[in-house]
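Student: I have a protein model open and would like to work through it. Can we go over it by question and answer?

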Amino acid sequence: MQHDQHNQNPQPALLPGQDIGLHRDICIMMLPLLAMAVYLYGLRPALLCLVAMVTANLCDRMVAVVRRRPYQKGEMSSEAFALLMAMLMPASVSYEVLVTAVLVAVLVGKEAFGGYGSYPFHPAAVGYAVAAVSWPEQIFRYPQPFSPLPLGRIEEAALVDSTDHTLRAGGVPAISDLNLLLGNYAGAMGVTAALVIAACSLYLLAQKRITPTAPLCFLGAAALVAFCFPRLGSIPPSAPWQYAAERLSLLKYEMLSGGMLYTAVFLINEPVTLPKTVRGRAAYGLLLGVCAMMFRYYGSYETGVCFALLAVNALSGWLDKALQRPAKQKEEGGAAV
C-alpha cells in the first residue's frame with residue numbers, strides 16, 4: 001500500500017510529512033547561525049544565504065517546467081541544501097562559487113537522480129565537495145571575526161587558516177574555551193558556534209525531526225579516534241591513559257572545529273540517505289566517525305567530513321540489509337528453539 005502511494009507521487013519521498021517538516025525546520029534553524037555570522041562578519045553572510053536560497057528555488061522551478069510537472073511549494077529540500085552548504089563556507093566566498101555549488105547540489109546531487117527522495121548522496125555534500133576541489137583557496141581560507149566585509153566582490157581581505165590547519169600541522173590552536181563555544185574564531189559561517197548548534201539540535205530532537213542514534217555514534221567514534229590517536233607532535237605513541245590531559249585538550253578542538261557538530265546535527269540525519277533501521281543507523285554513524293577522522297588526518301582537504309559523508313552514503317542501503325540478516329536469523333533461531 002505504501003509502495004503504491006510512492007508511485008503516485010511525482011516526486012517520491014520516503015517519509016513525506018516528516019521529511020518536508022525536517023527541511024523546513026532546518027531552514028529555520030539556519031537563522032540563529034546566520035545571526036551569529038552577521039554579528040561576526042556583517043551583512044555579507046545574509047546576502048550570501050539569500051543568493052543561495054534564490055538560486056535553489058529557481059532551479060526547482062526550472063526543473064518543474066522542464067519535466068512538465070507542478071512546482072511543489074511545500075517541498076523545501078533544495079533551499080535547505082543551499083543554506084546548509086552556504087553555512088559551510090567562509091563569509092568571504094565569492095557569489096560565483098556559491099551559486100555554482102548550489103547549481104551542482106540541486107541539479108546534479110538531487111535532480112539528476114530523479115528528484116526528492118531518490119538521491120543516494122547528500123546533495124549539500126555533493127555541492128560542497130565540488131566547490132572545495134575546484135576553489136580550495138576560497139573554501140579553506142577564512143576572514144577574522146569582527147572584520148567588516150564588503151557586500152560585493154572581495155578583492156583584498158586578510159584571510160587566515162582554520163583551526164584544522166593548525167591541527168594538521170601538529171599544533172594546538174590558541175583559542176579560549178569560551179571563544180570556542182561561541183564561535184569567535186576564524187572558520188566557516190555556520191560551523192563555529194557550538195552552543196548555537198547544540199541548541200538547534202535540542203529543538204530538532206524535541207520536534208522529532210532527527211534521531212540521536214547516528215549522530216551520537218558518529219561523535220563517539222570520532223572522539224575515540226581523536227583521543228586514542230592524537231595528531232599532536234608532543235604526544236608520543238603511548239597507551240590511551242597516558243598524557244590524558246593533553247589528549248583531552250586536543251580532543252575539544254577536534255570535536256568543536258571542522259564541522260563535526262554541524263554535520264552531526266544537520267547533515268547526518270538527511271532521511272533519504274540515512275539507513276532506516278536502528279542497527280543500520282548505529283553502524284552508519286560509527287563508520288562515518290572513523291571515516292571523517294581519516295579524511296581529517298590524511299585527506300588533502302581540511303574539512304573532510306563532507307567527503308566522508310559521500311563515501312558512507314554509498315553504503316547506507318547495504319548497511320540496512322547486512323544488519324537485518326543476523327537479526328532475522330537470530331529471531332528465527334529463537335523461534336525454532
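The turns below cover confidence, a helix, the cysteines and the salt bridges.

Student: Where in the protein is confidence lowest, and where is it highest?

Tutor: This is a predicted model, and its mean pLDDT is 85, with 88% of the residues reaching 70 or more. Helix α1 (residues 2–8) has the lowest confidence, at a mean of 42. The highest is in α5, at 96.

Student: Over which residues does pLDDT stay under 50?

Tutor: Where pLDDT is low, the coordinates should not be read in detail. For the stretch in question the model has 26 contacts beyond four places in sequence. That stretch is residues 1–18.

Student: How many of the nine residues of helix α15 are buried?

Tutor: Helix α15 spans residues 305–313 and is mostly covered. Its buried residues are Val305, Cys306, Phe307, Ala308, Leu309, Leu310, Val312 and Asn313. The count of buried residues is eight.

Student: Why does Cys306 count as buried?

Tutor: A residue is buried when its relative accessible area is under 20%. Cys49 is buried by that cut-off, with a relative accessible area of 3%. Cys306 counts as buried because its relative accessibility is 0%.

Student: How many disulfides does the structure hold?

Tutor: A disulfide needs a pair of cysteine sulfur atoms within 2.5 Å. The number of disulfides in the structure is zero.

Student: How many residues apart are Asp60 and Lys110?

Tutor: Asp60 and Lys110 form a salt bridge, with the closest N and O atoms 3.6 Å apart. The pair links distant parts of the chain, since Asp60 lies in helix α3 (residues 44–66) and Lys110 in helix α5 (residues 95–110). Along the chain they are 50 residues apart.

Student: Are Glu75 and Lys110 buried or exposed?

Tutor: The side chains of Glu75 and Lys110 meet in a salt bridge of 3.1 Å, N to O. Glu75 is in the loop between α3 and α4, whereas Lys110 is in helix α5, 35 residues apart. Both Glu75 and Lys110 are buried.

Student: Which residues do salt bridges that share partners join into one network?

Tutor: Lys110 also forms a salt bridge with Glu111, the closest N and O atoms being 3.9 Å apart. Glu111 and Lys110 are both buried. The residues joined into one network are Asp60, Arg67, Arg69, Glu75, Lys110 and Glu111.

Student: What does the count of salt bridges come to?

Tutor: A pair counts when a side-chain nitrogen of Lys or Arg is within 4 Å of a carboxyl oxygen of Asp or Glu. By this rule the total is 10.

Key. Residues are numbered from 1 along each chain as its sequence is written. This is a predicted model: local features need pLDDT of at least 70, side-chain atom pairs count only at pLDDT 80 or more; totals for chains, interfaces and linings use all residues. Side-chain values use heavy atoms; hydrogens and water are left out. Buried means under 20% relative accessible area, exposed over 50%, partly exposed in between (1.4 Å probe, protein chains only). Helices (H or I, at least four residues) and strands (E, at least two) are DSSP runs, numbered from the N terminus. pLDDT is the predictor's confidence in each residue, from 0 to 100. Contact means heavy atoms within 4.5 Å.
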